[in-house]
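Biologist: I would like to learn how to read a protein model feature by feature. Could you take me through one, giving the general idea before each case?

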Amino acid sequence: MIYTACGLTLLIELLFFACTPYRRERYFMLLCGAVNVASNLSLNLLLPAHPAWWMILLGEGLVVAAEYAVYAIACGGSRRLLLYTFLANLLSFSIGLVIFPLKCFSV
């Protein structure tokens, strides 16, 4: 299931960024794919089997920060890039929740 979730995240976030001006940046889509695979697999492997809701939110926040840092180094930082990074992650997380509902949270 981890690889399925990773593939879904990759597809959603690449499609999202394909609709932004960053798709024209040289190698951005390749970078976006690599960063998303690395961050998604890292987060899913680090979280316990039944994480508390705050652990998931903290992890997602760290993923947004890490992805933005890499993108900013490659393309130059901007508020727009930060917003796009946040929205791409929010979109993939939300769609993932619909497809793979989190039935068991520890409190």
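Modeller: Let us start with the loop between α1 and α2, where tyrosine 27 is found, and keep in mind throughout that this is a predicted model.

Biologist: What is the phi of tyrosine 27?

Modeller: The general idea is that most residues other than glycine have a negative phi. Tyrosine 27 has a positive phi of about 65 degrees, although it is not a glycine.

Biologist: Is tyrosine 27 buried or exposed?

Modeller: Tyrosine 27 has a relative accessible area of 55%, and because exposed means over 50%, it counts as exposed. Another loop residue to set beside it is alanine 49, which has its place between α2 and α3 and is likewise exposed, with a relative accessible area of 72%.

Biologist: How should I read the way two helices pack, and at what angle do α1 and α2 do so?

Modeller: One looks at the angle, at the separation of the axes and at the residues that meet. Helix α1, residues 2-18, packs with helix α2, residues 28-46, at an angle of about 145 degrees, and their axes are 9 Å apart; the crossing in which α1 passes α2 is right-handed.

Biologist: Which residues in α1 and α2 meet?

Modeller: From α1, the residues include Ile2, Cys6, Leu10, Leu14 and Phe17, while those on the α2 side include Phe28, Cys32, Val37 and Leu41. Sorted by kind, the residues of this contact divide into 14 nonpolar, five polar and one charged.

Biologist: How many aromatic pairs does the structure hold, and how is such a pair described?

Modeller: A pair of aromatic rings is described by the distance of the centres and the angle of the planes. The structure holds seven aromatic pairs, and one of them is formed by phenylalanine 16 and phenylalanine 17, with 5.6 Å from centre to centre and 90 degrees between the planes. Since planes over 60 degrees apart count as edge-to-face, that is the name for this pair. Both phenylalanine 16 and phenylalanine 17 are buried.

Biologist: Which pair links distant parts of the chain?

Modeller: Phenylalanine 28 and tyrosine 71 form a tilted pair, 5.0 Å centre to centre with 55 degrees between the planes. The pair joins distant parts of the chain, as phenylalanine 28 lies in helix α2 and tyrosine 71 in helix α3 (residues 53-75), 43 residues apart. Phenylalanine 28 has a relative accessible area of 1% and is buried, and tyrosine 71, at 0%, counts as buried too. Ring pairs link these two with Phe16, Phe17, Tyr22 and Tyr84 into a cluster.

Biologist: Which residues make up the largest nonpolar core?

Modeller: This core has twelve residues in all, among them the six of the ring cluster, Phe16, Phe17, Tyr22, Phe28, Tyr71 and Tyr84, together with others such as Cys32, Val35, Leu81 and Ala88. Each of α1, α2, α3 and α4 (79-99) supplies at least two residues of this core. Alanine 88, leaving aside its neighbours within four places in sequence, is in contact with Glu13, Phe16 and Phe17.

Biologist: Where is leucine 82 found, and how far is leucine 82 from phenylalanine 16?

Modeller: Leucine 82 is found in helix α4, and with a relative accessible area of 39% it is partly exposed. From C-alpha to C-alpha, leucine 82 and phenylalanine 16 are 14 Å apart in space, and they are 66 residues apart in sequence.

Terms used:
Residues are numbered from 1 along each chain as its sequence is written. This is a predicted model: local features need pLDDT of at least 70, side-chain atom pairs count only at pLDDT 80 or more; totals for chains, interfaces and linings use all residues. Side-chain values use heavy atoms; hydrogens and water are left out. Axes are lines fitted to C-alpha atoms, for helices over the stretch in contact, and angles run from 0 to 180 degrees between N-to-C directions. Helices (H or I, at least four residues) and strands (E, at least two) are DSSP runs, numbered from the N terminus. A crossing is left-handed if the near helix is turned anticlockwise from the far one by less than a right angle, and right-handed if clockwise. Contact means heavy atoms within 4.5 Å. Ala, Val, Leu, Ile, Met, Phe, Trp, Tyr, Cys and Pro count as nonpolar, Asp, Glu, Lys and Arg as charged, and the others, Gly among them, as polar. Rings of Phe, Tyr and Trp (its six-membered ring) pair if their centres lie within 6.5 Å; planes under 30 degrees apart count as stacked, over 60 as edge-to-face and the rest as tilted. Buried means under 20% relative accessible area, exposed over 50%, partly exposed in between (1.4 Å probe, protein chains only). A nonpolar core is a set of buried Ala, Val, Leu, Ile, Met, Phe, Trp, Tyr and Cys residues joined through side-chain atoms within 4.5 Å.
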